[in-house]
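Work through these short exercises with the sequence and the model side by side. Try each task before reading its solution.

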Amino acid sequence: MAVSVLLVDDEPLVRAGLRAVLEAQHDIHVVGEASDGAAVIPLVRQLAPDVIAMDVRMPLMDGIEATRAVLRAVTRPPKILVVTTFENDEYVYEALRAGADGFLLKRARPAEIVHAVRLVAEGESLLFPAAVRQLAAEYGTSKARAAMERAALTDRESAVLRLMARGLSNAEIAAELVVGAETVKTHVSAVLAKLGARDRTQAVIAAYESGFVSPG
């Protein structure tokens, strides 16, 4: 099945470049474009994309608000890949906190762009670079630490969360822990439930903000 992608960026050249890179792949299809976050929800409802590649800074509605809006308005929302110029941009971190699933630099090589879209579409591993990990650690709060303590993760769940924070997929975690893939899925689901996290990205943000894992 091809991965369908909606491009959202106020720069036509950026959209054209992303379209050219993605549509050169047999398993990725760009189904639409928008120049601002304010246009996203109608397009998502009309086109039902698997992934939104969304600029974080746009004039009317930025990627942070657009992410929140999509997650509020759509029952089964697409994966959201934040596209930005600067990797240490606090806007990117806020977009991830708002519910975005991954992160991509506009200067990324074509192979990296394609990999990012496929990875986010699969939903079993993370695009969470070192600069964003550092931001998450800096945003750490006593509230985040208390929430992690209340989660009372088991030793195995803790190990799974640490491997998730390294960006490992379920298959890679299974190999690391020498357990079955279904067992890993069960542990991941338990971690998300205990942390009250919507997805892996939110769980990993909680891990860094609480100091459960460090960016080093």
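**Exercise 1. Find the largest pocket and describe its lining.**

Step 1. The largest pocket has a volume of about 280 Å³. A pocket is an open set of points on a 1 Å grid over the protein atoms alone, where a 1.4 Å probe fits, with protein on both sides within 12 Å along at least five of seven lines. Volume is the space filled by probe spheres set on the points.

Step 2. The lining has 13 residues, each with an atom within 4 Å of a point. Closest to the centre are Arg 97, Ala 144, Ile 205, Ala 206 and Glu 209.

Step 3. Helices α7 (142-151) and α11 (200-209) each supply at least two lining residues. Helices are DSSP runs (H or I, at least four residues).

Step 4. Sort the lining by class: seven nonpolar, two polar and four charged. Asp, Glu, Lys and Arg count as charged; Ala, Val, Leu, Ile, Met, Phe, Trp, Tyr, Cys and Pro as nonpolar; the others, Gly among them, as polar.

**Exercise 2. How do α9 and α10 pack?**

Step 1. Helix α9 (residues 170-177) and helix α10 (residues 181-195) pack at about 110°, with axes 9 Å apart. Angles run from 0 to 180 degrees between N-to-C directions.

Step 2. The two helices are therefore roughly perpendicular (65 to 115 degrees).

**Exercise 3. Judge the confidence.**

Step 1. This model is predicted; local features need pLDDT of at least 70, side-chain atom pairs 80 or more, while totals for chains, interfaces and linings use all residues. Residues are numbered from 1 along each chain, and side-chain values use heavy atoms, without hydrogens and water.

Step 2. The chain averages a pLDDT (the predictor's confidence in each residue, from 0 to 100) of 90, and 95% of the residues score at least 70.

Terms used:
Parallel < 35°, antiparallel > 145°, perpendicular 65-115°, else oblique.
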